[in-house]
Amino acid sequence: MKINTFGYCIKQGLKNIRRNLLFSMASIGTIVACLFLFGIFYAIVLNMKTEIQSIENTITISVFFEKGTDEPKIMKIGDELKSMKNVDHITYVSADKAWKSYVDEVYNGDEEYVNSVFGEDNPLLNSSSYELTLKDISKQGDTVKKIEEVDGVRKVNSSEGTAKSLNSLNKLVGYTSLGVIAILLFVSLFLITNTITIGISVRKEEIAIMKLIGAKDIFVRAPFLVEGAIIGLVGSIIPIGIVYFIYNAVTQYLTERFVIVANMIDFVPIGQVFTGMVPISLLLGIGVGFFGSLITTHKHLKV
């Protein structure tokens, strides 16, 4: 009986779609348009966040030691820094390495000239340090305060302004994403409820007879829920395919035709984009269709 009931609901749901084909196509088209925009927006946001993350990974905090700090003390400070939750990676930069980097950057590695000016002594003798990268750049301020409290630490250099700018950019991208998705879902929900309402109006007498002979609300409501879910499913599958081909074509075109873009941006692979986008799109499409039908049937099936 349950199998027959399930088959009946599927059959009636498909019939409802055919009866209201024009409105069903309009609902599917709206979901396709909304989820297509969502897919494009998702790919852009994911690439932006990846680029922001790569920039964050280049932001380092330099930790300098008190003058005369010996090697065992430096190692102990390093262990304390590693134990901090927000510290992602730590690198020890000796005074000799710091001086060599300075010579390479400022004097293009011309050691003869440098020795003639500064002699063979290292002017950065007390400039050994730890270079840190953080897991969460937004917590840089709190992390710097903790580092400054470590015994033996003389000074901490950090890019507070850059960290704040990146954190603000991250929040802007996040809030914008939520706003766009909310608007798109509202439009889709509106059209689906209209479609289901028309379907109920067409079958109003039939539904009244079914309820008079004892049909339960769930039995009457189920075909409309199936109708909404199918509309949502179809409407979510189509834009996934469209976004797949567009994303591949655009990224390939940009990387092949514009060398500057290829050097500046490392596009997220299509597989990584779709790992997150596909389940979200299907969930949104089916969810909007199902809950749109649920809300509408609850409101209009009082016959």
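# Exercises on a predicted model

F64 stands opposite K155 in β4. That pair comes from a predicted model, and it is a good place to begin. Have the structure open as you work through the tasks.

## Exercise 1: Build the sheet from its pairs

**Task.** Work out the order in which the four strands form the open sheet, and find which strands are at its edges.

**Solution.**

Step 1. Start from the pair F64 and K155 in β4. Strand β1, residues 61–65, is joined to β4 by four bridges, and these two strands run antiparallel.

Step 2. Now look for another partner of β1. V63 stands opposite Y130 in β3. Four bridges join β1 to β3, again with the strands antiparallel.

Step 3. Move on from β3. I90 has L132 in β3 as its bridge partner. Here six bridges join β2 to β3, and the two strands run antiparallel.

Step 4. Put the pairs together. The open sheet has the order β2-β3-β1-β4, with antiparallel pairing. Its edge strands are β2 (87–93) and β4 (153–157), each of which pairs on one side only. On average, neighbouring strands of this sheet are turned by 20 degrees against each other, with direction ignored.

## Exercise 2: Is β3 enclosed or open?

**Task.** Decide how far strand β3 is enclosed by the rest of the structure.

**Solution.**

Step 1. Find β3 at residues 129–134 and ask how many of its six residues are buried. The count is five.

Step 2. Draw the conclusion: because five of the six residues are buried, β3 is largely enclosed by the rest of the structure.

Step 3. Set this beside the whole chain, where buried residues make up 37% of the 303 residues. The chain's secondary structure comes to 11 helices and four strands.

Step 4. Follow one contact out of β3. T143, in helix α6 (residues 140–148), touches N86 and L134, leaving out residues up to four places away in sequence. T143 has a relative accessible area of 6%; buried means under 20%, so T143 is buried.

## Exercise 3: Sort three helix residues

**Task.** Classify V226, F36 and M75 as buried, partly exposed or exposed, and find what lies around them.

**Solution.**

Step 1. Recall the cut-offs: buried is under 20% relative accessible area, exposed is over 50%, and partly exposed is in between.

Step 2. Take V226, which sits in helix α9. Its relative accessible area is 16%, so V226 is buried. Beyond its neighbours within four places in sequence, V226 is in contact with C9, I10 and G13. V226 and N16 are 210 residues apart in sequence, while their C-alpha atoms are 9.5 Å apart.

Step 3. Turn to F36 in helix α2. With a relative accessible area of 23%, F36 is partly exposed. Setting aside neighbours within four places in sequence, F36 is in contact with I31, P239, I242, V243 and I246. The C-alpha atoms of F36 and S281 are 9.1 Å apart, although the two residues are 245 residues apart in sequence.

Step 4. Finish with M75 in helix α3 (residues 71–82). A relative accessible area of 37% makes M75 partly exposed. M75 and Y92 are 17 residues apart along the chain, and 9.4 Å separates their C-alpha atoms.

Step 5. Step back to the whole chain. Among its contacts with a separation of 6 or more, 85% are between residues 24 or more positions apart.

## Exercise 4: Describe the largest pocket

**Task.** Describe the largest pocket by its volume, its lining and the helices that supply that lining.

**Solution.**

Step 1. Begin with the volume: the largest pocket holds about 300 Å³ of space.

Step 2. Locate its centre. The lining has 16 residues, and the closest to the centre are A43, I44, N47, Y247 and F267.

Step 3. Assign the lining to helices. Both α2 (21–58) and α9 (217–257) supply at least two residues. Which of the elements gives the most to the lining? The answer is α2, with eight residues.

Step 4. Sort the lining by character. There are 13 nonpolar residues, two polar and one charged.

Conventions. Residues numbered from 1 in each chain as written. Predicted model: local features only at pLDDT ≥ 70, side-chain atom pairs only at ≥ 80, totals over all residues. Heavy atoms only, no water. 1 Å grid on protein atoms, 1.4 Å probe; cavity = no way out; pocket = protein on both sides within 12 Å on 5 of 7 lines; lining within 4 Å. Points joined across faces, edges and corners; volume = space filled by probe spheres on them. Nonpolar A, V, L, I, M, F, W, Y, C, P; charged D, E, K, R; others polar. Buried < 20%, exposed > 50% of the residue type's maximum accessible area, 1.4 Å probe, protein only. Contact = heavy atoms within 4.5 Å. Pairing = 2+ DSSP bridges. Axes fitted to C-alpha atoms, helices over the stretch in contact; angles between N-to-C directions.
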